[in-house]
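User: I would like the reasoning behind the labels on this model. Please set each value against its rule.

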Amino acid sequence: MARILLGVSGGIAAYKALELVRLAIAAGHAVRVIQTPAAQRFVGAASFAALSGAPVLSDEFERDPARGAFPGQPAPDHDPLSHLELVRNADILVVAPASANTIAKLAGGLADNLLTSAALAASSPLLVAPAMNNHMWEHPATQANVATLRARGVVVLEPCSGRLASKGEQGPGRLPEPAALLEAIEALTRPLAPALAPDLVGLRVLVTAGGTREPIDAVRFVGNRSSGRMGFALASEAAALGAAVTVIAANVALPRDARVTYVGVETAAEMQAACSAAFAEADVLLMAAAVADFRPARSFAGKLKKAAEERLRVELERTPDILSGLAAARRPDQTLVGFAAEHGEGALEHGRDKLARKGLDAVVVNDVARTDIGFDAADNEVTILTAAGETHIARASKPEVARAVLGAVVMLRGGSDPVVASDPSNPAGPAGPAA
Ligand code: CTP
């Protein structure tokens with residue numbers, strides 16, 4: 001049984017949220033509904049109140065007769081602030097349908113109505129189900145807002161394709177069916193048996209993230225497409241599970257997590273120096289950065305001029321293998337995880353080779369030949385290789401994959417975490433995805 005806080009924003013699809021409430025209640029969940037003022041133009045509060053058996057709120061300054069309690073919960077004996085008390089009691093905040101406007105506000109961190117204020121205050125998982133006209137969905141602004149939310153660990157569902165509300169319109173933008181929405185909610189709120197939940201309390205975790213840039217001259221560099229999303233997801237999830245986390249971040253332009261310490265670097269040499277300084281203090285190293293294997297043998301001071309030459313020859317030299325160097329200096333109580341970006345066939349063999357050659361406890365292999373996962377994408381699909389075997393993690397958001405990797409770390413360190421390590425369809429770690 002989950003306590004579902006359902007935020008309904010403005011759009012024709014708001015009528016489908018009624019069916020979602022009905023299905024959720026029938027499945028034994030408790031539901032409270034918040035509507036944006038625009039949503040009330042489409043479906044009246046009385047319908048949601050009747051189905052959920054609880055008051056429906058819309059205005060931040062409106063008194064909640066239930067004082068933030070869900071059906072079945074005792075109301076507190078004081079009069080709390082509605083948006084804070086509701087999110088405190090909720091296991092999940094679901095925004096369905098999420099209009100383009102509400103998605104933009106969530107991405108921007110606005111708190112101009114009860115729904116957006118609640119979202120900003122929520123520490124539970126946040127599930128967003130967009131529904132809008134196909135042109136609004138495909139607009140670069142909406143796509144950028146969705147990417148921002150996903151990078152923060154928010155689960156944003158893909159809208160379905162088909163006939164849309166306005167006459168003759170067709171394409172992506174339909175709200176998924178209520179049964180599918182409930183399935184997604186249940187996947188995010190299904191509790192793990194406490195004994196199986198990975199616990200990193202007291203562990204010091206060092207993560208590398210992003211891609212190094214090796215200068216050709218003062219303004220040009222040799223680099224790669226790593227965004228740092230996987231490393232940042234690992235860091236946030238490890239912090240949520242109780243670890244003390246330091247990230248050495250090479251050129252990452254993503255939002256930072258207040259629970260994590262960040263050290264910024266640019267080149268492989270700077271990353272090596274920062275790693276060497278921090279490694280002895282770490283219990284776990286998660287080497288997710290894409291470190292350049294080669295760098296210009298010499299870099300030019302100032303900006304190179306085209307001059308008269310038609311060609312410019314840049315000689316590259318090998319960078320130090322940071323991970324191998326750290327592995328050579330490791331203590332037996334440290335756990336080292338490498339990441340292998342492999343292209344196409346033979347990925348797992350190459351990964352196994354790295355596991356042995358670099359002296360690691362685990363290698364996380366992903367296939368960079370695919371454009372829908374891995375480099376600069378919200379999702380990943382990986383195989384975790386250890387001496388004991390391999391675990392395939394089906395395509396999931398990077399925070400979900402991060403939790404599976406951390407589950408494997410817990411197992412390597414003598415804990416047991418078969419659920420998280422082998423079942424990414426059950427992403428609900430004790431903290432759920434960072435919102
Ligand atoms: N790595 C590193 N220092 C480097 C290159 C890579 O520490 N100079 C780390 C990466 O962060 C990653 C792991 O080593 O965790 C595997 O990186 P990868 O480049 O895929 O492996 P290589 O052994 O360099 O093999 P190849 O490039 O030939 O596939």
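Analyst: The turns below cover the domains and then the ligand, in a predicted model.

User: What makes this chain two domains, and where are their bounds?

Analyst: The domain assignment gives domain 1 as 3-188 and domain 2 as 193-412. Their centres, taken over C-alpha atoms, are 35 Å apart. Six residues from domain 1 and six residues from domain 2 make the contact.

User: How much area do domain 1 and domain 2 bury between them, and on which atoms?

Analyst: About 370 Å² is buried between the two domains, with 75% of it on carbon and sulfur atoms. On the side of domain 1, Arg-150, Ala-151 and Gly-153 lose the most area to domain 2. Together they account for 63% of what that side buries.

User: How many salt bridges and polar contacts link domain 1 and domain 2?

Analyst: The salt-bridge count between domain 1 and domain 2 is zero. That rule asks for a Lys or Arg side-chain nitrogen within 4 Å of an Asp or Glu carboxyl oxygen, so a zero count means that no pair across the domains met it. Residue pairs in polar contact, both at pLDDT 80 or more, also number zero. By class, the touching side of domain 1 has three nonpolar, one polar and two charged residues.

User: Which residues come nearest to the ligand?

Analyst: There are 15 residues around the ligand, and Met-287, Ala-289, Leu-323, Lys-354 and Lys-358 come nearest.

User: Why is the approach of Met-287 to the ligand called a polar contact?

Analyst: A backbone N or O atom of Met-287 is 2.7 Å from a ligand oxygen atom. The cut-off is 3.5 Å between N or O atoms, so the Met-287 pair qualifies.

User: What are the distances for Asp-293 and Pro-320?

Analyst: A side-chain N or O atom of Asp-293 lies 3.1 Å from an oxygen atom of the ligand. For Pro-320, a backbone N or O atom is 2.9 Å from a ligand nitrogen atom. The protein covers 79% of the 580 Å² of accessible area that the ligand has on its own.

Definitions and conventions. Residues are numbered from 1 along each chain as its sequence is written. This is a predicted model: local features need pLDDT of at least 70, side-chain atom pairs count only at pLDDT 80 or more; totals for chains, interfaces and linings use all residues. Side-chain values use heavy atoms; hydrogens and water are left out. Domain bounds come from an automatic or database domain assignment. Contact means heavy atoms within 4.5 Å. Buried area is the accessible area (1.4 Å probe) that two parts lose on being put together, summed over both. A polar contact is a pair of N or O atoms within 3.5 Å; within protein, one must be able to donate a hydrogen and the other to accept it, and residues adjacent in sequence count only if both atoms are side-chain atoms. Ala, Val, Leu, Ile, Met, Phe, Trp, Tyr, Cys and Pro count as nonpolar, Asp, Glu, Lys and Arg as charged, and the others, Gly among them, as polar. A residue is near a molecule or strand if one of its heavy atoms lies within 4 Å of it. Accessible areas come from the Shrake-Rupley method with a 1.4 Å probe; for residues, only the protein chains shown count as cover.
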